[in-house]
Amino acid sequence: MDEEYDVIVLGTGLKECILSGLLSVDGLKVLHMDRNDYYGGASSSLNLTQLWKRFKGEDKPPENLGSSREFNVDMIPKFMMANGGLVRVLIHTDVTKYLNFKAVDGSFVYNKGKIYKVPATDVEALKSPLMGLFEKRRARKFFIYVQDYEASDPKSQEGLDLNQVTARQLISKYGLEDDTIDFIGHALALHLDDNYLDEPAKEFVEKMKLYAESLARFQGGSPYIYPLYGLGELPQAFARLSAVYGGTYMLNKPECKVEFDGDGKAIGVTSEGETAKCKKVVCDPSYLPDKVRKVGKVARAICIMSHPIPDTNDSHSAQVILPQKQLGRKSDMYLFCCSYAHNVAPKGKYIAFVTSEAETDQPESELKPGIDLLGPVDEIFYDMYDRLEPTNDHQVDGCFISKSYDATTHFETTVTDVIEMYSKITGKALDLSVDLSAASAATEG
């Protein structure tokens, strides 16, 4: 193992695999190791027996749930925005050829105790029971403004400079009610809190456009897509890609100890008495625990059901966002549902997740508003994990550490972290101007 690598990547989580793929495609020599004997790290995909072992400490799930290996339960379930950053990265690396996507049936929002489809266009706004008659008209005008907005065309901006005008000022021009702002900001633009209201409106409008354009792309009920067999396919697809470019993957490598020189700069990784040299180390927080800090906790419930989430038009796959204000919380709650339609469970079975940034130490009571929306569940597991972020200076130690996965049920925040890490590692911006149609053929799954 005396070879020298440009980069050693530790952990085969989604972020690490995407980065390993991007760096390989750039021509860097990459060694990718994982202490586990399976792909995915914290974002692995478990069958039923593995799920039982992990959360119940036993490996005999009840037989009435069906065959264990027909379950692919993603530990970090996130849908992909059809035109979003992750799909662009997948096309950029050409990893799409190893994956089959299928559109997600529904995108919903919780408002005053009920679940509603998220209206994303002027036509849908007029039909949406979320709003009264006059509010529908106001929302329709706002949606038309957003649809027509082009950053490069001053005429479309109606005299507003969205780099100066805040989202709050833009919205007030259309006189929208608080509940409307709530669903637009959190379920359409996918902001995690309300800070965006006092920031320049450009990002807010662009996020709304991304949602509407993604929705239009597959004529489905949502802007999201998801791989058949779940996200567990992604790390393996990137491993195959890396091999094509001469990268090396090694699973089941115990310890994976990062070695530093006298100046504290990473110079290699040792496992089983052998050291591989490198210039840079990329890893998840678990490999360098003294270079990260805890910034929060995620509470989650994992449920197995025999029916779709009620009031979601029988969607076999769906996301429901519960905006924080609707629950009197500081952070949004998310419902994720997927099923046999995406080959993640046996026929007739559905997997549902309820996730949120934890504000207490009681996930059972804290997640109750989301769990109450699911109807009867066959099985439920509760879990909490720490959210960690790096504290190191990568320019000093050559270590690039990803953030833990947050509670969101879509990939937008994950991709932001990956793209920022890519720029730090390579010193250049990632070019994501790709032909989006390259991923559409696979979507007919």
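**Figure 1. Helix α7 is largely enclosed by the rest of the structure, because 9 of its 11 residues are buried.** The model shown here and in the other views is predicted. Helix α7 covers residues 178–188. Its buried residues are Thr180, Ile181, Asp182, Phe183, Ile184, Gly185, His186, Ala187 and Leu188. They pack against helices and strands alike: α5, α6 (167–173), α8 and α10 (324–327) on the helical side, β7 (106–111) and β15 (318–322) among the strands. After α7 comes Leu190, with a positive phi near 60°. Most residues other than glycine have a negative phi.

**Figure 2. Helices α5 and α8 cross at about 90°.** The two are therefore roughly perpendicular to each other, since angles of 65 to 115 degrees count as such. Helix α5 spans residues 133–148, helix α8 residues 201–218, and their axes lie 9 Å apart. From α5, the residues at the crossing are Phe142, Phe143, Val146 and Gln147. From α8, they are Phe204, Val205, Met208 and Lys209. The spacing fits a general rule: an α-helix has 3.6 residues a turn, so residues three or four places apart point the same way. Both helices also pack against the buried residues of α7.

**Figure 3. His410 sits in the loop between β19 and α14.** Strand β19 covers 399–401 and helix α14 covers 412–426. Is His410 buried or exposed? His410 is buried, because its relative accessible area is 1% and the cut-off is under 20%. Leaving aside neighbours within four places in sequence, its contacts are Lys78, Phe79, Leu190, Tyr224, Gln319 and Tyr334. Several of these belong to elements shown in other views. Leu190 is the positive-phi residue that follows α7. Tyr224 falls in strand β9 (residues 224–227). Gln319 falls in β15 (318–322). Tyr334 falls in strand β16 (residues 333–339).

**Figure 4. Seven strands build an open, mixed sheet.** The order is β8-β7-β15-β16-β17-β14-β18. β8 (114–117) and β18 (379–390) stand at the edges; each has a single partner strand, so one side of each lacks a neighbour in the sheet. On average, neighbouring strands are turned by 25° against each other, direction ignored. Within this sheet, β16 (residues 333–339) and β17 (residues 350–357) run antiparallel and are joined by 7 bridges. One of the pairs is Cys338 with its bridge partner Ile351 in β17. In a regular strand the side chains alternate between the two faces of the sheet.

**Figure 5. Two loops of the seven-strand sheet hold residues with positive phi.** Lys112 lies in the loop between β7 and β8. Its phi is near 50°. Lys112 is exposed, because its relative accessible area is 62% and the cut-off is over 50%. Asn343 lies in the loop between β16 and β17. Its phi is near 60°. At 25% relative accessibility, Asn343 counts as partly exposed. Neither residue is a glycine.

**Figure 6. Three strands form an open antiparallel sheet.** The order is β5-β9-β6. The edge strands are β5 (80–81) and β6 (101–103), and each pairs on one side only. β6 meets β9 (residues 224–227) in the antiparallel sense over 3 bridges. Ala103 has Ile225 in β9 as its bridge partner.

**Figure 7. Strands β11 and β12 make a hairpin.** β11 (residues 257–260) and β12 (residues 266–271) run antiparallel, joined by 4 bridges. Lys257 stands opposite Thr270 in β12. Which residue between the strands takes a positive phi? Gly264 does, with a value near 80°; the hairpin has 5 residues between the strands.

**Figure 8. The whole protein has 14 helices and 19 strands.** It is as compact as a globular protein of its length, because its radius of gyration of 22 Å is close to the 22 Å that the globule rule gives for 445 residues. Along its principal axes, the C-alpha trace spans about 70 × 55 × 45 Å. Buried residues make up 56% of the 445 residues. Of the contacts with a separation of 6 or more, 71% join residues 24 or more positions apart. The exposed area is about 18400 Å², with carbon and sulfur atoms supplying 48% of it.

Note on methods: Residues numbered from 1 in each chain as written. Heavy atoms only, no water. Pairing = 2+ DSSP bridges. Axes fitted to C-alpha atoms, helices over the stretch in contact; angles between N-to-C directions. Rg over C-alpha atoms; globule rule 2.2 N^0.38 Å. Buried < 20%, exposed > 50% of the residue type's maximum accessible area, 1.4 Å probe, protein only. Contact = heavy atoms within 4.5 Å. Areas by Shrake-Rupley, 256 points an atom, 1.4 Å probe, with all protein chains shown as cover. Parallel < 35°, antiparallel > 145°, perpendicular 65-115°, else oblique.
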